[in-house]
Amino acid sequence: MTKKILIIHTSWYEEYVSKMLSISKEILEDFDCTCAVAPGALELAALAAQKIQDSSFEGVLFLGIVIKGETSHYDLVTQETFRSIGTLANDYPNRSFINNVICVENENQLEERLERNTNTSKTSTRANARR
């Protein structure tokens with residue numbers, strides 16, 4: 001039986017998230033991947049919690065991008081996103097959770113980190129799902 005992975009991604013920065021999704025699906029090609037779209041980073045964990053209840057997903061892969069703006073909103077979004085994903089992992093200890101929400105200062109940083117981070121996160125997802 002093929003193991004099921006839930007990939008949840010944000011709707012912001014579509015061009016970059018599409019690239020992350022493409023890399024993820026390529027690395028996880030022998031898994032049964034289901035995708036879901038959250039409006040933004042803050043909603044990732046809530047959507048995952050809804051989707052994994054009474055399901056056979058072995059793990060969840062979170063994809064998203066948060067770019068710092070000129071307000072403190074960045075700090076609030078990144079902290080709450082990471083906290084809620086961590087809480088979800090504690091609530092479901094028998095599932096794997098990989099957080100590939102990339103938080104950067106600007107688009108140049110994003111371009112430098114996107115492929116490297118996505119490949120690393122997906123390799124981790126693959127290893128954790130095989131356990």
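## A residue to start with

Is Y13 buried, exposed or partly exposed? At 32% relative accessibility, Y13 counts as partly exposed, because that label covers values between the 20% limit for buried and the 50% limit for exposed. You will find Y13 in the loop between β1 and α1. Its backbone deserves a look too: Y13 has a positive phi of about 55 degrees, although it is not a glycine. Please keep in mind as you read that this is a predicted model.

## The overall plan

Now step back and look at the whole chain. The protein has 131 residues, and buried residues make up 46% of them. Its secondary structure consists of four helices and four strands. If you follow the sequence from start to end, these elements come in the pattern β-α-β-α-β-α-β-α.

## Inside the protein

What about the interior? In soluble globular proteins, nonpolar side chains tend to be buried together. Here, the largest nonpolar core has 23 residues. Within this core, the residues with the most contacts are I8, I52, V60, F62 and L88.

Several parts of the chain help to build this core. Two or more residues come from each of the strands β1 (4-10), β2 (32-38), β3 (57-67) and β4 (96-104), and also from each of the helices α2 (44-52) and α3 (73-91). The largest share belongs to α2, which gives six residues.

## A pair of opposite charges

Side chains of opposite charge can pair when their charged atoms come close. How many salt bridges are counted in this protein? The count comes to one salt bridge. In it, the side chains of R83 and E80 meet, with 2.4 Å from N to O. That value fits the rule for a salt bridge, because the rule asks for a nitrogen within 4 Å of a carboxyl oxygen.

Where do the two partners sit? R83 and E80 both lie in helix α3, three residues apart, which is about one turn of the helix. R83 is partly exposed, with a relative accessible area of 44%. E80 is partly exposed as well, with a relative accessible area of 33%.

## A negative patch on the surface

Let us move to the outside. Four residues, E15, E107, E111 and E112, form a negative surface patch. Helix α4 (residues 107-129) gives the most to this patch, with three residues.

E15 has its place in helix α1 (residues 14-27). Is E15 buried or exposed? With a relative accessible area of 65%, E15 is exposed. E15 can therefore meet the accessibility condition for a patch, because patch residues need over 30% relative accessible area.

## Far along the chain, together in space

Which distance separates the C-alpha atoms of T2 and D32? These two residues are 30 residues apart along the chain, and their C-alpha atoms are separated by 6.1 Å. T2 is in the segment before β1, while D32 is found in strand β2. T2 is partly exposed, with a relative accessible area of 44%. D32 also counts as partly exposed, at 36% relative accessibility.

D32 can be compared with another residue in the same way. D32 and L6 are 26 residues apart in sequence, and from C-alpha to C-alpha they are 8.5 Å apart in space. Try finding T2, D32 and L6 in the structure above, and trace the chain between them.

How values were computed: Residues are numbered from 1 along each chain as its sequence is written. This is a predicted model: local features need pLDDT of at least 70, side-chain atom pairs count only at pLDDT 80 or more; totals for chains, interfaces and linings use all residues. Side-chain values use heavy atoms; hydrogens and water are left out. Patches are made of residues with over 30% relative accessible area and no salt bridge: like charges are joined within 9 Å, nonpolar side chains (Val, Leu, Ile, Met, Phe, Trp, Tyr) within 5 Å. Accessible areas come from the Shrake-Rupley method with a 1.4 Å probe; for residues, only the protein chains shown count as cover. Lys and Arg count as positive and Asp and Glu as negative; His and the chain ends are not counted. The place of a charge is taken as NZ of Lys, CZ of Arg, CG of Asp or CD of Glu. Buried means under 20% relative accessible area, exposed over 50%, partly exposed in between (1.4 Å probe, protein chains only). A nonpolar core is a set of buried Ala, Val, Leu, Ile, Met, Phe, Trp, Tyr and Cys residues joined through side-chain atoms within 4.5 Å.
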